[in-house]
Structures are given as structure tokens and as C-alpha cells.
Amino acid sequence: MLTRVSRFGPALPRLLSKPPVRFVSQSKPTSAAGSAAVTELYPAAEQAGHGEVSHYVKNPDYHGFSSDPVVDQWNMRVGFFFGISVALVIGGTFIHYLPDHGMRQWARREAERVIQQREKEGLPVIGENYYDPDKIVLTPAGEE
């Protein structure tokens, strides 16, 4: 992928800096194509009363929660409180204090306890046989 991009070399920044160009025809329209416009087909609708006003015009500090500025600011503060404080702080504390996953810490403590017990008894830390050889039952060499 980088070899394909490297072909462009020094032209790449120049290609990325210019927006694409849109070519518009400047020729006169033919009589069939230019005779009827949308404004001629349907008259403009009358403006009854007042149009819809953007929430940002009414309230420059609009956060998107409510059209009422006081309720909007209150909902924004409550949302950020629960989003930041509860989710991050309490969630992080909950994850930190979860019990030992996979019992790894318990296994290490148990291994240390077994090692100390074997050292006290004078036994090797790890025996050469994992299983007691006297308890292993083997089939005779001739039978399979």
C-alpha cells in the first residue's frame, strides 16, 4: 500500500490541499430543457405566522437536551455528572476491587505455602516423580 502512495511523491500534498473542482456548463440551454422551471410550475407557499426558529438562535448555549435554557443546562450537568463521575470513577473503583480473576493470587499464595512446608520437612521443593511410582500400574511388555 505504501509503495502505491509513494509513487505520487511530492505531488501528494498538492493533491490533498486542493478541493476537487466542479465543472459547470456555461452554454445556453436549449428551448426544450430551459423552458419550464420549478418556480413556474408551483407557486410559492405563503408564510403563515412565523417559521421555525433554531434553538441556537433562542439559546446560544444550547446543549441539545431541551428547548428550555434552564432545563437544558440542568440536564447537561446531570448527564455529565453521571457520565463522568459515576461511570468512570465508581466504575473504575468497582473494576479495581473485583475479586481475583482466575484465582491467580490464591494459586501463588498456595504454592508459597507448600514450598515453605516442604522446606520445613526437609523434602525437595519439587520431587523427581510427579506420581508415586508404586501406585502406577503398568501392563506387561508382551501385552498391548
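Here is a walk through this structure, from the overall fold down to a few side-chain contacts. Keep in mind that the model is predicted.

Let's start with the big picture. The chain has seven helices and zero strands, so reading along the sequence, by the DSSP runs that set helices and strands, you simply meet α-α-α-α-α-α-α. Of its 144 residues, 4% count as buried. The chain exposes about 14400 Å², and carbon and sulfur atoms supply 61% of that area.

Now head for helix 6, which spans residues 69–96. UniProt, in an unreviewed entry, places a "transmembrane region" at residues 78–99. In the model, that stretch is 86% helix and 0% strand, and the C-alpha atoms at its two ends sit 31 Å apart. There is also a nonpolar surface patch of about 1000 Å² to look for. Its makers are W74, V78, F80, F81, F82, I84, V86, L88, V89 and I90. One of them, F80, is found in helix 6.

Two neighbours in that patch deserve a second look. How many aromatic pairs does the model hold? The count comes to two, and F81 with F82 makes one of them. Their rings are 5.2 Å apart, centre to centre, with 75 degrees between the planes. That pair is edge-to-face because its angle is over 60 degrees. Is F81 buried or partly exposed? At 45% relative accessibility, F81 is partly exposed, and F82, at 48%, is partly exposed too.

The other pair is formed by Y130 and Y131. Here the ring centres are 5.0 Å apart and the planes stand at 90 degrees, which again makes the pair edge-to-face. Y130 has a relative accessibility of 75% and Y131 one of 58%; both count as exposed because they are over the 50% cut-off.

Step back along the chain to the loop between helix 6 and helix 7, where you'll find M103. What is the phi of M103? It is near 55 degrees, a positive value in a residue other than glycine. M103 is partly exposed, with 47% relative accessibility.

Just past that loop comes helix 7, covering residues 104–121. The model has two salt bridges in total, and here is where to look for them. In one, R108 partners with E112, and the closest N and O atoms are 3.2 Å apart. Both residues lie in helix 7, four residues apart, or about one turn of the helix. R108 is exposed at 60% relative accessible area, whereas E112 is partly exposed at 38%.

The other salt bridge joins the side chains of E110 and R113, with 2.6 Å from N to O. It counts as a salt bridge because that distance is within 4 Å. How far apart are E110 and R113 in helix 7? They are three residues apart, about one helical turn. As for exposure, E110 has a relative accessibility of 25% and is partly exposed. R113 is partly exposed as well, with a relative accessible area of 43%.

To retrace the route: helix 6 gave you F80, the loop after it gave you M103, and helix 7 gave you the salt bridge partners R108 and E112 along with E110 and R113.

Terms used:
Residues are numbered from 1 along each chain as its sequence is written. This is a predicted model: local features need pLDDT of at least 70, side-chain atom pairs count only at pLDDT 80 or more; totals for chains, interfaces and linings use all residues. Side-chain values use heavy atoms; hydrogens and water are left out. Buried means under 20% relative accessible area, exposed over 50%, partly exposed in between (1.4 Å probe, protein chains only). Accessible areas come from the Shrake-Rupley method with a 1.4 Å probe; for residues, only the protein chains shown count as cover. UniProt positions are given in the numbering used here, feature names are shortened, and annotations may be inferred rather than shown by experiment. Patches are made of residues with over 30% relative accessible area and no salt bridge: like charges are joined within 9 Å, nonpolar side chains (Val, Leu, Ile, Met, Phe, Trp, Tyr) within 5 Å. Rings of Phe, Tyr and Trp (its six-membered ring) pair if their centres lie within 6.5 Å; planes under 30 degrees apart count as stacked, over 60 as edge-to-face and the rest as tilted.
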